[in-house]
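Welcome, and thanks for taking a look at this one. Please have the sequence and the 3D view open side by side while you read the notes below.

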Amino acid sequence: MNDKIRISSPADILGFIPHTLGFAPRESFVFVTLRGDMLGATLRVDAPVVADPAGFAPAMVDYLALDTQATAVLLAVYTDHDPNTAVQRPFHDHVEAMIQALENAGTPLKDAWLVTSEYWQNLLCDSDEGCCPPEPLESITDGHLNAEMVFRGSSYQKTPGTTYATFAGPADTARRIDEALPGVLAGELHTGRALWAEVLTRNGFTDQGMAIGLLACFQRPDLRDVLFCNVIDPDRTDAEGSGDLLIGQGIAPDWNRVDRAQETARALIEAAPAGYRAPMLTLIGWLAYLKGQSSIAADHFTAAVADTPGYRLAELMGRVVSQGRIAPVAQDEDTAYKRHR
């Protein structure tokens with residue numbers, strides 16, 4: 001299948017954004033760089049409700065400058081924030097500051113749109129003559145590009161956030177995990193590593209017994225850490241000195257393997273009762289961080305701490321993401337995540 005996707009309208013661009021983010025944004029600024037007539041990188045940040053426009057704009061320009069091939073920028077503002085009646089658009093001062101900052105950086109804002117829960121429209125149109133009327137959201141969801149993305153197997157969460165169904169498995173699952181733990185704690189790391197490698201090769205576990213074994217393995221911290229590392233480096237035998245790998249420095253992941261690991265972790269979450277899900281939630285969040293999907297990562301770290309209060313690894317990774325850090329692997333076009341077909 002030809003990987004090129006034809007984008008011919010603003011509705012197509014707005015249809016592309018949730019697919020590339022993995023969720024439909026709300027109360028967000030979403031920037032998309034342009035490389036000539038091609039789309040480049042996508043950056044989502046929370047809508048700057050309290051941020052000063054003079055500080056917000058330079059910070060965004062610094063992030064967008066990571067795309068060294070960018071020639072221009074597009075902006076979609078997702079909000080139901082009621083604009084001040086004295087101005088013509090929500091976040092007027094922030095948008096004006098972005099226009100000036102991007103112009104100064106040599107990557108001008110080529111176009112921008114407002115997207116609410118009821119309609120979308122051009123955000124840069126200052127005319128009162130109705131030349132840029134509101135458009136129905138159906139023109140995005142029913143558009144050519146969204147249909148093609150769905151046909152290719154792409155999907156996204158309709159609402160942001162992380163929600164997993166309440167555990168509905170066998171009532172004795174927690175007891176079985178606890179009974180498996182002594183053997184895991186006393187065993188060698190290579191035993192758990194072999195089970196994890198088998199599952200990733202098979203694209204998932206085959207029965208409840210295998211799920212119980214994996215869930216027990218992820219409860220042992222040193223084994224958990226090496227299982228995380230083995231998603232990126234299958235030959236690694238322990239997690240000693242893995243700090244660079246954890247923050248995404250100097251790695252070139254097999255993204256197909258990363259996707260398999262995330263899907264397996266999601267299936268294990270469904271197989272795990274409350275109190276045993278934190279390692280899987282943290283794994284999904286960490287891999288999302290490596291992909292450059294900071295919002296999804298943060299949601300999973302928060303969910304991990306809610307499942308197991310004080311869960312240290314999730315707390316540490318949550319701090320990394322909250323500081324606005326983008327994984328180095330996601331900053332390099334040669335190593336950044338590319339969804340496989």
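Let's begin in the sheet, where phenylalanine 29 stands opposite valine 45 in β2. Please keep in mind that this is a predicted model. The protein chain has 15 helices and six strands, and the points below go from the sheet to the aromatic rings and then to the chain as a whole.

**The sheet**

- The six strands make an open sheet with mixed pairing, in the order β2-β1-β3-β4-β5-β6.
- Which strands stand at the edges? They are β2 (38-46) and β6 (135-136); each has a single partner strand, so one side of each is left without a neighbour in the sheet.
- β1 and β2 run antiparallel and are joined by seven bridges.
- Strand β4 (residues 109-115) and strand β5 (residues 119-122) also run antiparallel, with three bridges between them. These two strands form a hairpin, and three residues lie between them.
- Tryptophan 120 in β5 is the bridge partner of valine 115. Tryptophan 120 also has a bridge partner in β6, namely glutamate 135.
- β5 and β6 are joined by two bridges and run antiparallel.
- If you follow the side chains along a strand, it helps to remember that in a regular strand they alternate between the two faces of the sheet.

**Around serine 28**

- Serine 28 is found in strand β1.
- Is serine 28 buried or exposed? Its relative accessibility is 0%, and buried means under 20%, so serine 28 counts as buried.
- The side chain of serine 28 reaches the backbone oxygen of arginine 26 at 2.7 Å. A polar contact of 2.7 Å also joins the side chain of serine 28 to that of arginine 44.
- Leaving out residues up to four places away in sequence, serine 28 touches Arg44, Val45, Asp46, Ala47, Ala76, Val77 and Tyr78.

**Two residues with positive phi**

- As background, most residues other than glycine have a negative phi.
- Glutamate 27 has a positive phi, near 40 degrees, although this residue is not a glycine. You will find glutamate 27 in the loop between α1 (10-21) and β1 (28-35).
- With a relative accessible area of 34%, glutamate 27 is partly exposed.
- Phenylalanine 91 also has a positive phi, near 55 degrees, in a residue other than glycine. Its place is in the loop between β3 (72-78) and α3 (92-105).
- Phenylalanine 91 counts as buried, at 10% relative accessibility.

**Aromatic rings**

- How many aromatic pairs does the model contain? The count comes to seven.
- The rings of phenylalanine 218 and phenylalanine 228 have their centres 6.4 Å apart and their planes at 55 degrees. Planes under 30 degrees apart count as stacked and those over 60 as edge-to-face, so this pair is tilted.
- Phenylalanine 218 lies in the loop between α8 (208-217) and α9 (221-232), while phenylalanine 228 is in helix α9, and the two are ten residues apart.
- Phenylalanine 218 and phenylalanine 228 are both buried.
- Phenylalanine 228 also pairs with tryptophan 286: the ring centres are 5.6 Å apart and the planes are at 15 degrees, so the pair is stacked.
- This second pair links distant parts of the chain, with phenylalanine 228 in helix α9 and tryptophan 286 in helix α12 (residues 278-290), 58 residues apart.
- Phenylalanine 228 counts as buried at 3% relative accessibility, and tryptophan 286 is buried with a relative accessible area of 0%.
- One aromatic cluster is formed by Phe29, Phe31, Phe56 and Phe91. Two of its members have appeared above: Phe29, which stands opposite valine 45, and Phe91, with its positive phi.
- A charge meets a ring as well: the charged end of lysine 291 sits over the ring of tyrosine 337, 4.2 Å from its centre.

**The chain as a whole**

- The protein chain has 341 residues, and buried residues make up 45% of them.
- Among contacts in the protein chain with a separation of 6 or more, 68% are between residues 24 or more positions apart.
- About 16700 Å² of the protein chain is exposed, and carbon and sulfur atoms supply 52% of that area.

Terms used
Residues numbered from 1 in each chain as written. Predicted model: local features only at pLDDT ≥ 70, side-chain atom pairs only at ≥ 80, totals over all residues. Heavy atoms only, no water. Phe/Tyr/Trp six-rings, centres within 6.5 Å; stacked < 30°, edge-to-face > 60°. Helix = DSSP H or I, 4+ residues; strand = E, 2+ residues; numbered from the N terminus. Buried < 20%, exposed > 50% of the residue type's maximum accessible area, 1.4 Å probe, protein only. Lys NZ or Arg CZ within 6 Å of the ring centre and 35° of its normal. Contact = heavy atoms within 4.5 Å. Areas by Shrake-Rupley, 256 points an atom, 1.4 Å probe, with all protein chains shown as cover. Polar contact = N/O pair within 3.5 Å; in protein donor to acceptor, adjacent residues only side chain to side chain. Pairing = 2+ DSSP bridges.
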